[in-house]
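The following exercises concern the relation between two chains, the surface through which they meet, and the packing of a pair of helices. Each task is followed by a worked solution.

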There are 2 protein chains.
Amino acid sequence: MRAVLLAAGEGKRLRPYFNRPKPLVRLLGLALIERNILTLRECGINDFIIITGCYSTEFRDYLGNGEKFGVSINYLHNPDWEKGNGVSAYTFHKDYRQDEKFILLMADHLFELDLLKAFLTEAKKIKQDELLLAADSRLEEVFDLDECTKVKAWENYAVKLGKGLDDFNAVDCGLFIGTGSLLEALANSIARGAYALTDAVNLLAEHGKVKLHFIEHSWVDVDDYPGYKQAERILLKSLVPAKDGFISRVINRRFSLRITRLLAATAITPNQVTFLSFLTTAAAAVSFAMAKPFIGGVLAQLASILDGVDGEIARLKFLKSSFGEIFDSILDRYGDYLIVVGMVYSWYCATGHTMALLVGAAALTGMPMSMLFKEKFRNVFGQPFIPEIHDGILRYFPANRDGRLFIIMLGGILNLLPATLILLAVGTHLQALIRLYNVRKAT
Amino acid sequence: MRAVLLAAGEGKRLRPYFNRPKPLVRLLGLALIERNILTLRECGINDFIIITGCYSTEFRDYLGNGEKFGVSINYLHNPDWEKGNGVSAYTFHKDYRQDEKFILLMADHLFELDLLKAFLTEAKKIKQDELLLAADSRLEEVFDLDECTKVKAWENYAVKLGKGLDDFNAVDCGLFIGTGSLLEALANSIARGAYALTDAVNLLAEHGKVKLHFIEHSWVDVDDYPGYKQAERILLKSLVPAKDGFISRVINRRFSLRITRLLAATAITPNQVTFLSFLTTAAAAVSFAMAKPFIGGVLAQLASILDGVDGEIARLKFLKSSFGEIFDSILDRYGDYLIVVGMVYSWYCATGHTMALLVGAAALTGMPMSMLFKEKFRNVFGQPFIPEIHDGILRYFPANRDGRLFIIMLGGILNLLPATLILLAVGTHLQALIRLYNVRKAT
C-alpha cells in the first residue's frame, strides 16, 4: 500500500516558533513528517507520495527521494493549495492506480505506531467504494476539541462531518484509507466549489460510504504550540514498554524520559548511551571500592536510569538494532559484575572476613541468573517470560535489574554493603530456583 | 493421516533371542513397534491401526488403546496371516475411508525420525491413484542386501520389484503412503493367488503408479540378531545432535552413548541424569577444594559426559520436555560455578594470593557468558547461534561447556589450577567480546 501525505498548507500558527514548514518542525529529534514516514515504514509501507503546496523545495531538500530512510518518496505539487486541502488531496489523482487502496494522512499530525498498525489492519476489510476514517470517540480526552472536525457516527459509519457540528460523538483524526471513490468525491465536490477534504468525505458519508475505525491509541494535530507540547508528552509516554519492572515504572522512567527528551535533539546513539550506562556502573564500582558507598549507590541508580534511556532513544528515533539489543544485555551483565566486585572489595578490605568472599561469589553468580532464565524460557516456550504472570508471589521481589540496582542504591546510601550483598546473593538464587519450580509445576 | 502398522508375521529368526513377537522386542528401552508409534507421533500422527496375525493379544496387552502414548490405537486381525503380508495389508480395507491417504509400514523396521519426516512431506505430492514407496538407492550401505526386496527404478518411479531381481538400483524400505488404489491392487493380486504385498505393488508399478522417495537417512529391517545390533548402532548414532561441540563430538559422545545404552533399559529419567551430572560437578568441586585436583578433573569430565546423556535418553525414549531443557541449562550453570569456586578455594588456601580471588571472580563471571550470548542471539535473530558459523576463528577455542570442562580436566590432572583459571577467565570473556564484535560487523 502507498501512503499519501498532505503537506500543502501554510501552518501559520506554529511558524513564529520554528520558522519552517509545519511538517518539518522537529519534535524530539525528528521532523513531524519524517516521523510519520518512519512510523509507516515500521508498518511495512515503503512508498510515499507527498503533496506539497505553500512550500515545496523545503520538503524535497529535507526528505529527498527517501533513500536515506530506505523508502521511496515522490512529490506532487498543488499550486492551488490556498483553495483548500481537498484540492491538495485531489492532486493525487494524477498518480492514482486503478483499484488501489492508499493511506492518506495529514503530514503534521502525530500518530502512535500502534494506532497506525491497528488502522492498517482494518484497511483490508473495507469495500472498494468505501472510505475508512480514523475517528476518536473519547471526546473528553481529545486535545483542542474546538479545532477538530467533528463526526456524527451511527454505529461504525459516519453520517455527517464538520468543524461546527453541534451533534457529534467522535472527531476526525486526519487519517484515511482511500479508494478511487474518494478521488471521485473530491472531483465532484471541487466541481461544486467545495474545496475542503471534509466536503468530499461528507459526499461519501451521505451515501453511507464512510466507515469509521475508532482508535484506541494517542494522536494529536500539531497545530499550535500547546499541540506541539502535547505531541511531545504523547511521544515520551509511548516510549515506556508494556512490560516494565516495578522500580523502572515507578522511579526510573520519571528521570529517563527527561534525559531522553534532552538527548533527543543530539546525535547521540542508543549504543553510546548503553556504553555510558556501563561506564557509570564502572564509576559506581570504583566508588564502592574506594569506600564511598553513598556515591556508589547513587551512581548505580543513575546507571539503572540510563539503562532505560538507550531503549527510549532507539524507539523514539527508529534506531532499534539487533546488535544494540545484544550489546545492551551483555554490557548490563558486566555492569552488574563490576558493581558487585566493587562492593565485595570494600567489605573485604574493611573486615578481612572470608564471609565477604563467599557472599560475593554467591552474589556474582546470582546476578546473571534472571537473564539466563528469561532468555532460555523464551527460547524453549516461544514466548517471553513475564514476571507479573510467571513469577507468582515472587513478582514483588525486586530481582530484575531495575530492582537489583535499586537495592544496591539503598545499600550504598545507608552504608549497608554486607546486608545488601547477602540480600542479592540469596534473592537472585532463590528466584532462579523458584522459577524452575514454577515451570516444573506448570508443565 | 492415519498409520497402518503391519505386525502379523511370526518373526521366527529373532524369537530364540527374545521369546516375544518381533515388533515387541525391546531395543534400547522401547519395543520396536512402540518406537515406530512414538516416532510417528513426533511427525504429528495420532491415529494408528495395527494389523495383527500370528500374535494378537500380546500387542493389545502391551500397547492397549494408545492412551498411555497420547494416541489412538485400533486393531484389525488377519487370521490368514500365513498366506502372506499382502493379505494382512488388505485387512485394512475393512476400515478404509473414501479417498484417504495412509502411511503403511512394517512394525518391526527401524526408521530414523528425520527419514519419516521427509517421507511424510512427500506424501502430499502424490496423486490419488498412486503409491509412494520409500526406496534406498545407497546400495553399498544397505544392511543385509540379500534379504531386501529390490527395486528397478526409472527416474523416481518403480518399474519392477522383487527379492530375486537381478537388475535393480534401489531397495524397498517397507514404508509406503497408500491410497485406495493400493487396496484395489491388493484385492486383484489376492484374487490371482499372489499374496505378498510386493505382488500388489508390482501390479501398480506396471501402470507407472509407484512413485519412489529416495531416502537419505538410516533404517533397518530388524529381521535377525545382526539386524538388531545394526538397529542399535543406527539409533545410538542418531542421538548425537547436529550442532555438537568439538570435545563433545570427539571425546564425550564415545562414553555418553555407552552410558545411554546401559541406562536405556532402566527407568531413569533425563532429569535424574541432569541432576546426577550436577552432583558430579559438586563432587568435582569438593575434590578441588580438598586439594585433590586429579580426582576433581576426572569428575569434571565425567560430569561433562553425563551432561550429554540426559539429552540422549530424552531423544531415545521420547522424554524431551521444556522443563528438562531449562533445568539442564540452569543446573549446568550451577555446576560450572561450583567447580570454579572449588578451584579458587584450593588456589587461595594454598597461596593466599589476592590474585586467586581476582582471577576467580573473572572466571566465575565468564562461565555463563557463552550461554547468555547464545540465548540472547537466538531470541534476537530468531535462529540459533552456531559457533562453527558465527564464531569465525574463535570456534577452535573451547569456550563452550564441553571445552571448558575439558580444560578443567586437563588442569586438574596436570595440577595447574592457576593457569586453568586464568585461561578460563580470559577465554570466556574474550569470547563474549569477540562475539559482540562479530555481530556488530555482520549487522
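Two residues are taken to be in contact if their C-beta atoms, placed from the backbone, lie within 7 Å. The model is predicted, with ipTM 0.88 and pTM 0.87.

**Exercise 1.** Determine how many residues of chain B are in contact with chain A, and which helices supply them.

*Solution.* Applying the contact criterion, 31 residues of chain B touch 31 residues of chain A. On the chain B side, α12 (322–351), α13 (354–366), α14 (369–381) and α17 (417–442) each contribute at least two residues. Sorted by class, that side of chain B comprises 19 nonpolar, six polar and six charged residues.

**Exercise 2.** Establish how chain B is related to chain A.

*Solution.* A turn of 179° with a shift of 0.1 Å along the axis lays chain B on chain A with an RMSD of 0.2 Å. The two copies are therefore related as by a two-fold rotation axis. Next, 100% of the interface residues of chain B are also interface residues in chain A, so the copies meet through the same surface.

**Exercise 3.** Describe the packing of α9 (residues 246–264) against α16 (residues 401–413) in chain B.

*Solution.* The two helix axes come within 7 Å and cross at roughly 60°; α9(B) and α16(B) are therefore oblique to each other. Their crossing is left-handed. Helix α9(B) contributes Phe246(B), Ile247(B), Ser248(B) and Asn252(B) to the contact, while α16(B) contributes Asp402(B), Gly403(B) and Phe406(B). By class, this contact of α9(B) with α16(B) has three nonpolar, three polar and one charged residues.

Technical notes. Residues are numbered from 1 along each chain as its sequence is written. Chains are lettered from A and ligands numbered from 1 in the order in which they are written. This is a predicted model: local features need pLDDT of at least 70, side-chain atom pairs count only at pLDDT 80 or more; totals for chains, interfaces and linings use all residues. Copies are superposed by least squares on the C-alpha atoms of residues with pLDDT of at least 70 in both. Helices (H or I, at least four residues) and strands (E, at least two) are DSSP runs, numbered from the N terminus. Ala, Val, Leu, Ile, Met, Phe, Trp, Tyr, Cys and Pro count as nonpolar, Asp, Glu, Lys and Arg as charged, and the others, Gly among them, as polar. Axes are lines fitted to C-alpha atoms, for helices over the stretch in contact, and angles run from 0 to 180 degrees between N-to-C directions. Angles under 35 degrees count as roughly parallel, over 145 as roughly antiparallel, 65 to 115 as roughly perpendicular and the rest as oblique. A crossing is left-handed if the near helix is turned anticlockwise from the far one by less than a right angle, and right-handed if clockwise.
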